[in-house]
Amino acid sequence: MPDTALLLGGTGTLRRTAELLAAHGWQVTVTGRDASVAPEDWARHGIRTVVADRADEQATGALVGSGVGLLVDGQCYTPDRARELARWSRACGSTVMLSAKAVYVDGLGRHLNSPEKPVWDGPVTEERPTMAFAGEEHQSAEGYGANKAEAERVLRAEGERISLLRPSKIHGAGTRQPRLWGVLARVLAGRTRIAVRHGDVVESTTSTEALARTILACAQTPAARVLNVADGDPRPARELLGEAVALAGGAMELIDVDGDGCPEGIGRLPWTLDMELDTSADVALGVEPTVFADGAAAELDWLRSQARREPGGTWRLPERLGAAWPDLAAEDACLALGAAAP
Ligand SMILES: NC(=O)c1ccc[n+]([C@@H]2O[C@H](COP(=O)([O-])OP(=O)(O)OC[C@H]3O[C@@H](n4cnc5c(N)ncnc54)[C@H](OP(=O)(O)O)[C@@H]3O)[C@@H](O)[C@H]2O)c1
């Protein structure tokens with residue numbers, strides 16, 4: 001039990017965590033609904049993949065058994081799932097739940113999925129108030145953060161030694177929302193210009209490396225805690241884009257399209273919300289800060305390995321990643337419009 005780790009829903013964002021734990025001598029088991037998506041070299045690293053749906057309480061409970069050293073839940077979206085996790089935590093050395101920065105509300109009760117965006121007066125600390133819960137569906141704009149916040153409250157009240165992690169937008173190898181595909185797709189298409197909207201926005205990023213380091217630290221020092229998890233170099237979205245283009249091996253001129261009359265979607269970057277997370281508590285735990293490039297380089301390499309060229313010259317990712325080929329014609333039309341403007 002001491003050095004056994006069980007990662008629930010761990011073939012995506014938690015992939016790097018599985019690998020870091022294994023490198024530190026943990027016996028790692030990862031669950032998912034499809035074992036075939038696990039990296040081929042995991043067996044060599046001693047990482048075991050087991051098919052178990054997180055919605056199947058009995059199957060997951062059987063894997064937890066009489067307890068593991070570290071239990072990580074990447075699929076805890078509701079108070080009901082939190083009640084199960086709280087019960088299992090009592091038999092485990094340390095438990096980690098992936099929550100989200102979506103739990104936070106600003107002084108006027110606005111959250112990141114509100115029609116009117118929240119406004120912060122500086123980096124957001126863990127002491128900030130979180131969303132109320134009124135039974136909303138978790139797969140909804142209002143319900144995602146509300147369910148996460150309520151799940152956190154259940155875990156604090158009923159669990160033991162649970163670390164609640166609040167990441168920002170996650171990037172890295174394996175994640176199911178590969179936000180850097182738009183960059184790589186344009187590099188693969190040989191583009192020399194890219195449209196940028198709201199490039200001044202500073203939204204913290206969270207690399208899978210930052211999550212992995214934090215989870216390892218939580219495993220080594222079991223406690224009840226709440227931690228923001230983010231990279232240590234928050235910067236304007238335009239700079240992140242420029243860095244990602246360079247890491248992808250491209251060279252593109254970044255062209256601001258704010259006020260150019262282009263449709264809203266053109267130039268939309270992955271980082272859209274002014275919101276920095278205060279990560280001093282994570283640093284105080286002894287976690288060495290990461291930088292954006294730690295996750296970006298890994299995600300771009302991985303995406304390149306997944307992409308397949310189609311007869312028409314476009315590239316596709318596997319369907320489960322749900323990332324479409326960007327509408328380059330619409331972007332060209334918008335950039336031509338900007339060029340024509342006085
Ligand atoms: N991605 C972000 O930007 C972000 C930001 C803040 C917080 N979070 C939190 O991070 C966690 C992971 O989310 P993600 O979007 O990054 O996804 P992800 O971890 O990249 O992908 C989901 C993982 O869970 C597995 N999975 C999905 N449904 C499952 C089920 N019912 N039973 C067992 N395994 C299941 C998937 O494999 P199979 O499909 O093969 O089952 C995959 O391994 C979530 O709790 C989310 O709220 C994510």
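This report walks through the ligand site, a pocket, the cavities and a few single residues of the structure above. Keep in mind that this is a predicted model.

## Around the ligand

Let's start with the ligand. Its shell counts 27 residues, and the ones that come nearest are T11, T13, R33, R54 and Y144. Sorted by class, that shell is made up of 12 polar, 8 charged and 7 nonpolar residues. Two elements worth picking out are α4 (141-158) and β7 (169-171), since each of them supplies at least two residues of the shell.

Some polar pairs between protein and ligand are listed here.

| Protein partner | Ligand atom | Distance |
|---|---|---|
| T11, side-chain N or O atom | oxygen | 2.5 Å |
| R54, polar backbone atom | nitrogen | 2.7 Å |
| Q75, side-chain N or O atom | oxygen | 3.2 Å |

T11 and R54 thus turn up both among the residues that come nearest and in the table, where T11 uses its side chain and R54 its backbone. Q75 pairs with the ligand through its side chain. How much of the ligand's accessible area does the protein cover? On its own the ligand has 870 Å² of accessible area, and the protein covers 90% of that.

## The second largest pocket

Next comes an open space in the protein. The second largest pocket holds about 180 Å³. Its lining consists of R15, R16, E19, P39, D41, A173, T208, E209, D294, A298 and W302. Three helices give two or more residues each to this lining: α1 (15-23), α6 (208-220) and α9 (292-306). As for character, 6 of the lining residues are charged, 4 are nonpolar and 1 is polar.

## Closed spaces inside

Rolling a probe the size of a water molecule over the atoms shows where empty space is left. How many cavities of 30 Å³ or more are there? The count comes to 2.

The largest cavity has about 80 Å³ of space. Lining it are A210, R213, A230, G232, T279, D282, V283, V287, E288, P289 and T290. Helix α6, already met at the second largest pocket, supplies at least two residues here too, and so does α8 (280-284). The class split of this lining is 5 nonpolar, 3 polar and 3 charged.

The second largest cavity comes in at about 30 Å³. Around it sit K169, I170, H171, R179, L180, W271 and F292. Which element gives the most to this lining? That would be β7, with 3 residues; β7 also supplies at least two residues of the ligand shell. By class, the lining of the second largest cavity has 4 nonpolar residues, 2 charged ones and 1 polar one.

## A buried aspartate in a loop

F292 lines the second largest cavity, and its backbone has a partner elsewhere in the chain. The backbone nitrogen of F292 is 2.9 Å from a polar side-chain atom of D233. D233 belongs to the loop between β10 (225-229) and α7 (237-247). Is D233 buried or exposed? It counts as buried, because its relative accessible area is 17% and the cut-off for buried is under 20%.

## Two residues with positive phi

Most residues other than glycine have a negative phi. Here are two that go the other way.

R161 is not a glycine, yet its phi is positive, at about 55°. You'll find R161 in the loop between α4 and β6 (162-167). With a relative accessibility of 29%, R161 is partly exposed.

H198 has a positive phi as well, near 50°. Its place is the loop between β8 (193-196) and β9 (205-207). H198 also falls in the partly exposed class, because its relative accessible area is 43%.

## A strand residue and its distant partner

Just before that loop, we can look into strand β8 itself, where I194 sits. At 3% relative accessibility I194 is buried. Which residue, 134 residues apart from I194 along the chain, has its C-alpha atom 9.4 Å from that of I194? The partner is L328.

How values were computed
Residues are numbered from 1 along each chain as its sequence is written. This is a predicted model: local features need pLDDT of at least 70, side-chain atom pairs count only at pLDDT 80 or more; totals for chains, interfaces and linings use all residues. Side-chain values use heavy atoms; hydrogens and water are left out. A residue is near a molecule or strand if one of its heavy atoms lies within 4 Å of it. A polar contact is a pair of N or O atoms within 3.5 Å; within protein, one must be able to donate a hydrogen and the other to accept it, and residues adjacent in sequence count only if both atoms are side-chain atoms. Accessible areas come from the Shrake-Rupley method with a 1.4 Å probe; for residues, only the protein chains shown count as cover. Helices (H or I, at least four residues) and strands (E, at least two) are DSSP runs, numbered from the N terminus. Ala, Val, Leu, Ile, Met, Phe, Trp, Tyr, Cys and Pro count as nonpolar, Asp, Glu, Lys and Arg as charged, and the others, Gly among them, as polar. On a 1 Å grid over the protein atoms alone, a cavity is a set of points where a 1.4 Å probe fits but cannot get out, and a pocket is an open set with protein on both sides within 12 Å along at least five of seven lines; lining residues have an atom within 4 Å of a point. Grid points are joined across faces, edges and corners, and a volume is the space filled by probe spheres set on the points. Buried means under 20% relative accessible area, exposed over 50%, partly exposed in between (1.4 Å probe, protein chains only).
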